[in-house]
Amino acid sequence: MPCRPSSTEVPPTPSPVKLSQPTPSLGFEPELTLLRPRDEKVLYNKVVQTVELDEGPSGPTEDEIRKRIQAEVEAATAVREQELKQENEQIAKEIEEEIRELTEEERAAIFATPEFLDFVEESSKRIQRALNDSYDYTQDYRLIGGGVSTDNEGKRVKEVCAFFDEKWAKSRSITDIDWSIKAKLIAASYNKNPTAVNDPDGLVCIWNIHMVDRPEFVFHSQSDVLSTCFSPFHPNLVFGGTYSGQILLWDTRAKHLPVLKSPLSASGHTYPVYSLQMVGTQNAHNLISSSTDGMVCSWLVDMLAQPQETLELVHAGHNKTNEVAITTFDFPDNETTTFWVGTEEGNVYQANRYDRAGSKAGLNQHDIYKGHSGPIMGLHFHPLEGSIDFSDIFLTCSVDWTVKLWKAKTTTKPSTSVNVISPLYSFEEADDYVYDVRWHPHHPAVFGSVDGSGRFDLWNLNTDTEVPIITTNVGTGRAINKLAWERKDGRRAALGCSDGRLYVYDVGDVGVPRDSEWVDLQKTISNIVAGGTSLRITGAADGDSRPLSASLNGR
């Protein structure tokens, strides 16, 4: 390669070079024709849209994957179970090393703690209720068809259960009973046990239908409890009237001692309280109590320090004393002011808590319901239920072996002079003192009575007024002091005996009324009024004297 001349040198001029050029040769060439290939026609097949590729050997199937996962889970579970087993064995070993046998003193201290006693009490009640129930808790009764009923079912009285506790009820008598609005609880009051000087003088036992061997609750009193009742507005509250005149209030959520009680002072009762009743509504109600000195007190439920009102019933016509010895009283339904009292002299009087039109507060001395020849033991007004109002009809029973039917005189027109009112009818089938009588809560013509021979009589005025439709000898033949109907449907009756036993009887369909029962009772009472009670027939053989109504029930 020649060197590039510097800027001061002049390049020499090259000599021309002659190139030889070839001579072209002209002539004719054949024509060349190029053929373009035809376009390839591509067809689309709907069946095959993709081209299968050969990917080599396939992977594991779904079943193989599932089995592999299951095997891994089982292996992990086995490992975990083995670990837990080892941990439990280690814990059990540590506990066994730490546990030691308690001494007798330590064991007795634990058994005496309130927490342990409360636990045993509550848990044993639940187990005992479950064992006493007649149905199986594990059975689904919806899968079992209903039983076939017969025509004879429910037409006889049968014993459901009998309550008695050797510790609490032995050598005591039941003085009063009452059903709770919860239907399964019954309150029974007891008097003193003379053989147990260290036990409380008075008791109120709350019995549960599902637990017959022992009471659900036991409430104590320093004096004999002569009357008791549940609060219809607060089912946890139980009231009691005592021989000393105190009014006690227990709460099932508290212990066995009363949460409230009235003082032993002249501001309240100082004589035995044989009758209690709650009157009013949910928002305005009072507890009314009466004692044998003629004192009637009205109490607020949450304040028993002193009565809200006091009313002393006196009668100027009495020979020795003006006091009216009240043995029982009752208010008609939907009535909170006017009430009727039964007395030791055998008469019934009407009284008012307040002054009202035509009458003053206190005892109505002019209208005297005279018919019994002994102290009145029970008085009960007809319940206000059904198409016809019979709330002015009431029953009384007495130690003169009779039950009597009365019609209350209207309170708007009291008499201004002595007016003796006779009973409409007298039922004289008892064999002993008649201690209590109660209308059925739902059947208008049915009532029950109990007497000192242990008889429980069921009457139906629409069927027969001469004899009871059912007579049952209860228990061992001891006297039955009290009768109370179940509030819910009236199918069961509770009977309190003088030997401390409480019986519950099922009356079946006797208490189920027909639609025509109210009209039939109206006709029956009309026949009684028309026949009168002045006509009497005396038996020549035994000198028996009893009322006779020829027109009664078509006779």
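Which residue is the bridge partner of H380 in β19? The first legend gives the answer, and the remaining views follow.

The model is predicted: local features need pLDDT of at least 70, side-chain atom pairs count only at pLDDT 80 or more, and totals for chains, interfaces and linings use all residues. Residues are numbered from 1 along each chain as its sequence is written, and side-chain values use heavy atoms, with hydrogens and water left out.

**View A. Strand β18 and its partner β19.** L395 is the residue of β19 that serves as bridge partner to H380. Helices (H or I, at least four residues) and strands (E, at least two) are DSSP runs, numbered from the N terminus. Strand β18 covers residues 376-381 and runs antiparallel to β19 (residues 393-398), with five bridges joining the two. Two strands pair if DSSP finds at least two bridges between them. Of the six residues in β18, five are buried, and the strand is thus mostly covered. Buried denotes under 20% relative accessible area, exposed over 50%, and partly exposed the range in between (1.4 Å probe, protein chains only).

**View B. The open four-stranded sheet.** Four strands make up an open sheet in the order β6-β7-β8-β9, and their pairing is antiparallel. The edges are occupied by β6 (225-230) and β9 (260-261); each has a single partner strand, so one side of each is left without a neighbour in the sheet. Two bridges link β9 with strand β8 (residues 247-251) in the antiparallel sense. Within β9, K261 is the bridge partner of L248.

**View C. Positive phi at S171 and N334.** Although S171 is not a glycine, its phi is positive, at about 60°. This serine is found in the loop between α4 (166-169) and β2 (174-179), and its relative accessible area of 39% makes S171 partly exposed. N334, likewise a residue other than glycine, has a positive phi near 60°. Its setting is the loop between β14 (326-330) and β15 (338-343), where N334 counts as exposed at 71% relative accessibility.

**View D. The salt bridge within helix α2.** Side chains of opposite charge can pair when their charged atoms come close. A salt bridge is defined here as a side-chain nitrogen of Lys or Arg within 4 Å of a carboxyl oxygen of Asp or Glu; a search of the whole structure finds 18 of them. One joins R107 to E104, with 3.6 Å between the closest N and O atoms. The two residues are three apart in helix α2 (residues 104-111), a separation of about one helical turn. R107 is partly exposed at 28% relative accessible area, whereas E104 is exposed at 54%.

**View E. The salt bridge between D251 and R253.** The closest N and O atoms of D251 and R253 lie 2.8 Å apart. D251 is buried, with a relative accessible area of 12%, while R253 is exposed, with a value of 62%.

**View F. The salt bridge between K407 and D392.** K407 and D392 form a salt bridge in which the closest N and O atoms are 2.4 Å apart. K407 belongs to strand β20 (residues 403-407) and D392 to the loop between β18 and β19, so the pair ties together parts that are 15 residues apart in sequence. Both residues are partly exposed: the relative accessible area is 42% for K407 and 26% for D392.

**View G. A salt-bridge network.** E62, D63 and R66 are joined into one network by salt bridges that share partners.
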